[in-house]
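Student: Please show me the model. Then I will ask my questions one by one.

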Protein chains: 2
Amino acid sequence: MADEPARRGSFVRRIPEGDNRLRQVCADCGYVQYENPKVVVGSVCTWEEKVLRCRRDIEPRRGFWTLPAGYLEVNETSADGAMREAWEEAYAKIAIESVLAVYNVPRISQVQIIYRARLLSPEVAPGVESQDVGLFDWSEIPWGELAFPTVRWALYHFREVADLDEYTARTNPPGELGDY
Amino acid sequence: MADEPARRGSFVRRIPEGDNRLRQVCADCGYVQYENPKVVVGSVCTWEEKVLRCRRDIEPRRGFWTLPAGYLEVNETSADGAMREAWEEAYAKIAIESVLAVYNVPRISQVQIIYRARLLSPEVAPGVESQDVGLFDWSEIPWGELAFPTVRWALYHFREVADLDEYTARTNPPGELGDY
């Protein structure tokens, strides 16, 4: 998904009537442009204990490794979004099992919903946003080449709960805000 | 938070360059208005097994009972947002315990993150968006006067896990999409 463009028409920041916060308001027509946090949906998907990873072919962090994840679209459920991203980034068909984690990156107003999922087949291939994809053992995770802190958290959290049927959804490690 | 206004300037729907979906684009200046799902954050908060409920004083569903919940703001974590909503709607101070559920209402592009939380004090009072608030036993829940299906789900799911230290986060009941 493309970043927001720099051009914003003639928006100004003011508090709309009946509100209590500054919002982007069009000085010409009065349209209120609410800025909402964005939802990222993704998954830790496995096939026989190997985890699906994708090498990013887009900025930010092009060339670094990530999990299949991306922005949730309108009218899409978060589980459907995670399945779509696995397909778009790695041609992976997955079955969602459970909510692994809810992470926050407040600096960029991002909420990440990460699922634990099973690959329905080990056949994967790079989508247009990936340089490379593959199934890797825990010992093969390139900790210094992960794209984002949330990827590291999700991998560790996945390992904590990998053998558990019931587990409480994980959140940001104490004191961490996901900046990179 | 106010609903989106009807006035949208001179936006048209087309696929921006490099994208693969229809987006709202300003016909005058080319500004792309990405429509993102909205995040609702809330909590099931208890004091000695009694659950905090709020009677809505705003539309939709004015007069019906709900849990403290509302739209996540930019640069806010989902847990902070849930604490803010408990304060704004019921002057309740709460401690977030764990992720109770992640619900989706795809028709209105809503993702709801609902926490299990503890009240730090039984002192609560109606905020400006509430007619009334109170702490109620399970037997006192007015099932026919709940504002939204997600409120009913959250109460049932809370009851399922109330005595559990570890539990898997809940999601929409099978086949339910949260419409009302």
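Tutor: First, a term: helices (H or I, at least four residues) and strands (E, at least two) are DSSP runs, numbered from the N terminus. Residues are numbered from 1 along each chain as its sequence is written, while chains are lettered from A and ligands numbered from 1 in the order in which they are written. The model is predicted: local features need pLDDT of at least 70, side-chain atom pairs count only at pLDDT 80 or more, and totals for chains, interfaces and linings use all residues; side-chain values use heavy atoms, leaving out hydrogens and water.

Student: Which pattern does chain A follow along the sequence?

Tutor: Count the elements first. Chain A has two helices and ten strands. Its C-alpha atoms fill a box of roughly 55 × 35 × 30 Å along the principal axes. Reading along the sequence, the order is β-β-β-β-β-β-β-α-β-β-β-α.

Student: What percentage of the residues in chain A is buried?

Tutor: Buried means under 20% relative accessible area, exposed over 50%, and partly exposed in between (1.4 Å probe, protein chains only). Chain A has 180 residues, and the buried share is 53%.

Student: Among contacts in chain A between residues at least 6 apart, what percentage joins residues at least 24 apart?

Tutor: A contact means heavy atoms within 4.5 Å. Take those in chain A that link residues at least 6 apart in sequence. The share joining residues at least 24 apart is 61%.

Student: By what turn can chain A be laid on chain B?

Tutor: The copies are superposed by least squares on C-alpha atoms of residues with pLDDT of at least 70 in both. The RMSD is 0.1 Å, the shift along the axis is 0.0 Å, and the turn is 180 degrees.

Student: Why is that turn special, and what relation is it?

Tutor: A turn of 180 degrees with a shift of 0.0 Å is the relation of a two-fold axis. The same surface serves both copies: of the contact residues of chain A, the portion that recurs in chain B is 100%.

Student: How far does helix α2 of chain B reach?

Tutor: Helix α2(B) runs over residues 149-161, which makes 13 residues. The expected span is 1.5 Å times one less than the number of residues. For α2(B) that is 18 Å, and the reach from first C-alpha to last is close to it, at 19 Å.

Student: What covers the buried residues of α2(B)?

Tutor: Buried residues of α2(B) include W153(B), L155(B), F158(B) and V161(B). Their cover in chain B includes β4 (38-47), β5 (50-56), β6 (65-66), β8 (94-105) and β9 (110-119).

Student: Which peptide bond of chain A is cis?

Tutor: Most peptide bonds are trans. Look at P60(A), in the loop between β5 and β6 of chain A. Omega is near -5 degrees for the cis bond from E59(A) to P60(A).

Student: Where is P60(B) placed?

Tutor: P60(B) also takes part in a cis bond, joined to E59(B) with omega about -5 degrees. Its place is the loop between β5 and β6 of chain B.

Student: Is E48(A) buried or exposed?

Tutor: E48(A) sits in the loop between β4 and β5 of chain A. Its phi is positive, about 50 degrees, although E48(A) is not a glycine. Its relative accessibility is 66%, so E48(A) counts as exposed.

Student: What is phi of E49(A)?

Tutor: E49(A) is found in the loop between β4 and β5 of chain A. It counts as exposed, at 70% relative accessibility. E49(A) is not a glycine, yet its phi is positive, near 70 degrees.

Student: Which residues is T171(B) in contact with, neighbours within four places aside?

Tutor: T171(B) lies in the segment after α2 of chain B. With a relative accessible area of 37%, it is partly exposed. Its contacts are V99(A), V102(B), Y103(B) and H157(B).

Student: How far apart are the C-alpha atoms of I94(A) and M83(A)?

Tutor: I94(A) is in strand β8 of chain A and is buried, with a relative accessible area of 7%. M83(A) is among the residues it touches, as are A82(A) and A86(A). The two are eleven residues apart along the chain, and their C-alpha atoms are separated by 6.2 Å.
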